[in-house]
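Open the model in your viewer and keep the selection box handy. We'll hop from one spot to the next, with a word on what to look for at each stop.

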Amino acid sequence: MSTSTSTPPATSTSAPSPQTPLTHDFTSATKSRFSAAAFTERWALVGGLIVLVIACIIIFPQFRTASLFTTMINAQSLVLLLGLTATVILRLGDFDLSIAQTMVATGAIVAQLCKLGVPIPVAIASGLALGVVVGLVNALLVVRVGVDSFIATLGSFTALAGLSYLITNSRIISGIPDGFINFARSQILGIPMITWYAWILVIVLWYVYQRTPLGRYSLFIGGNRNAARLSGIPVNRIRAGAYVLSGLLASFIGICFIGYFGAVDPSVGGQYMLQPFAAAFLGATTIAVGRFNAFGTVAALYLLTVGITALQLLGGQTWVSNVFYGVALMVAVTAAKLAGNRRGGGQAK
């Protein structure tokens, strides 16, 4: 499973030098005349979500209560945060599989330091520092050495899993200070803060992806790394910075994680490994088709959540969610690849 589109660019005498200012508008491909097929492709998943919700409201009385929607949204906040973080690296044509375990290891470090009486600000700084170190190690291996990102970050994931067991002595750490719990669970308008953090990250990433040169550069790098380098884009610096940002965001999610659950279980990293990628890949098939995007990730995750909840109301067991996410990931990767092929080098491949 690879997102890279590393096909070397055709030799051209018109290729700009590294000093040439980048003036090409990489979003111009989206500015085309209205097409019913393109409109359908762009909004099919969102329409499917709306249809599914309406069908569930008609079939299940539980869906007629606001509390069920609130519960579903809040329960997926951690996955949404991880899925959005995953898009940071996926847009560059790489993977960062270590984000889920960085979250758990950060939670383990912060919780254990607090148990030992270390001041909370120091514990938080230590947790965030872990995320930066993980990002730097991943960047060193992938960007500097050239190790395949899938392999490098899978190794990081495994090492962090062992570190989590070491820190916690293979036990669940409870008794998290109230400050962390309030940080994640205190509510605004009846919505926990962790959900607000996820929605704020959606807005921030949408703005960066759609309205800044960095967002366009990341798209170009993910589409054709060599061509981006020839255009004067600092490819390696952006990729390294993205890995550090990914690690830092994963550590922040780790702080939310211990506040949300009030405890740290070192064994849960695997449960959060694939779900964010299922949402990110499925999200690349909608709104900005063929590109990893923030609002697409939100729509995809909520579609998966509603579908799983409906199956569970029909009597499905706990394994239903794993099956659903696994199938969704396969379908999403296939659909994203087909969408990318149709665009002759689209990103989500």
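Start by selecting T305: leaving aside its neighbours within four places in sequence, T305 is in contact with M72, Q76 and Y325, where contact means heavy atoms within 4.5 Å. Before you go on, note that this is a predicted model, in which local features need pLDDT of at least 70 and side-chain atom pairs count only at pLDDT 80 or more, while totals for chains, interfaces and linings use all residues. Residues are numbered from 1 along each chain as its sequence is written, and side-chain values use heavy atoms, with hydrogens and water left out.

T305 belongs to helix α13. Helices (H or I, at least four residues) and strands (E, at least two) are DSSP runs here, numbered from the N terminus. With a relative accessibility of 6%, T305 counts as buried; the scale is buried under 20% relative accessible area, exposed over 50% and partly exposed in between, using a 1.4 Å probe and protein chains only.

**Next: the second largest pocket**

Keep Q76 and Y325 on screen and add Q275, I308 and S321: among the 23 residues lining the second largest pocket, these five lie nearest its centre. Its volume is about 520 Å³. Colour α2 (66-75), α3, α11, α13 (294-313) and α14 (319-342), the elements that give two or more residues to that lining. For the record, the search runs on a 1 Å grid over the protein atoms alone: a pocket is an open set of points where a 1.4 Å probe fits, with protein on both sides within 12 Å along at least five of seven lines, and lining residues have an atom within 4 Å of a point. Grid points are joined across faces, edges and corners, and the volume is the space filled by probe spheres set on the points.

**Zoom out for a moment**

Show the whole chain as a cartoon: you should find 14 helices and two strands. Of its 349 residues, 50% are buried. Taking contacts with a separation of 6 or more, 78% are between residues 24 or more positions apart.

**Now D94 and its arginines**

Which residues share a salt-bridge network with D94? Select R225 first: its side chain meets that of D94 in a salt bridge at 3.3 Å, N to O. The term covers a side-chain nitrogen of Lys or Arg within 4 Å of a carboxyl oxygen of Asp or Glu. R225 sits in helix α10 (residues 225-230) and D94 in the loop between α3 (77-90) and α4 (99-115), 131 residues apart.

Then add R239, whose side chain forms a salt bridge with D94 at 3.0 Å, N to O. R239 is in helix α11 (residues 235-261) and D94 in the loop between α3 and α4, so this pair ties together parts 145 residues apart in sequence. Shared partners join D94, R225 and R239 into one network. The count for the model is two salt bridges. R225 is buried, R239 is buried with a relative accessible area of 6%, and D94 is buried at 4%.

Stay here and pick S149, in helix α6 (residues 149-168). Not counting residues up to four places away in sequence, S149 touches D94, F95, V142 and Y243. S149 is buried at 6% relative accessibility.

**On to the rings**

From F95, extend the selection to F150, F277, F281 and F292: ring pairs link these five into a cluster. Rings of Phe, Tyr and Trp (its six-membered ring) pair if their centres lie within 6.5 Å; planes under 30 degrees apart count as stacked, over 60 as edge-to-face and the rest as tilted. By this rule the count comes to 13 aromatic pairs. One of them is W196 with W199, edge-to-face at 5.4 Å centre to centre with 80 degrees between the planes. Both tryptophans lie in helix α8 (residues 193-211), three residues apart, about one turn of the helix. W196 is partly exposed at 24% relative accessibility, and W199 is partly exposed at 27%.

**Last stop: two backbone oddities**

Select L189, in the loop between β1 (187-188) and β2 (191-192). Phi of L189 is near 55 degrees, a positive value in a residue other than glycine. Is L189 buried or exposed? At 78% relative accessibility, L189 counts as exposed.

Finish at I287, in the loop between α12 (275-283) and α13. I287 has a positive phi of about 65 degrees although it is not a glycine, and at 19% relative accessibility I287 counts as buried.
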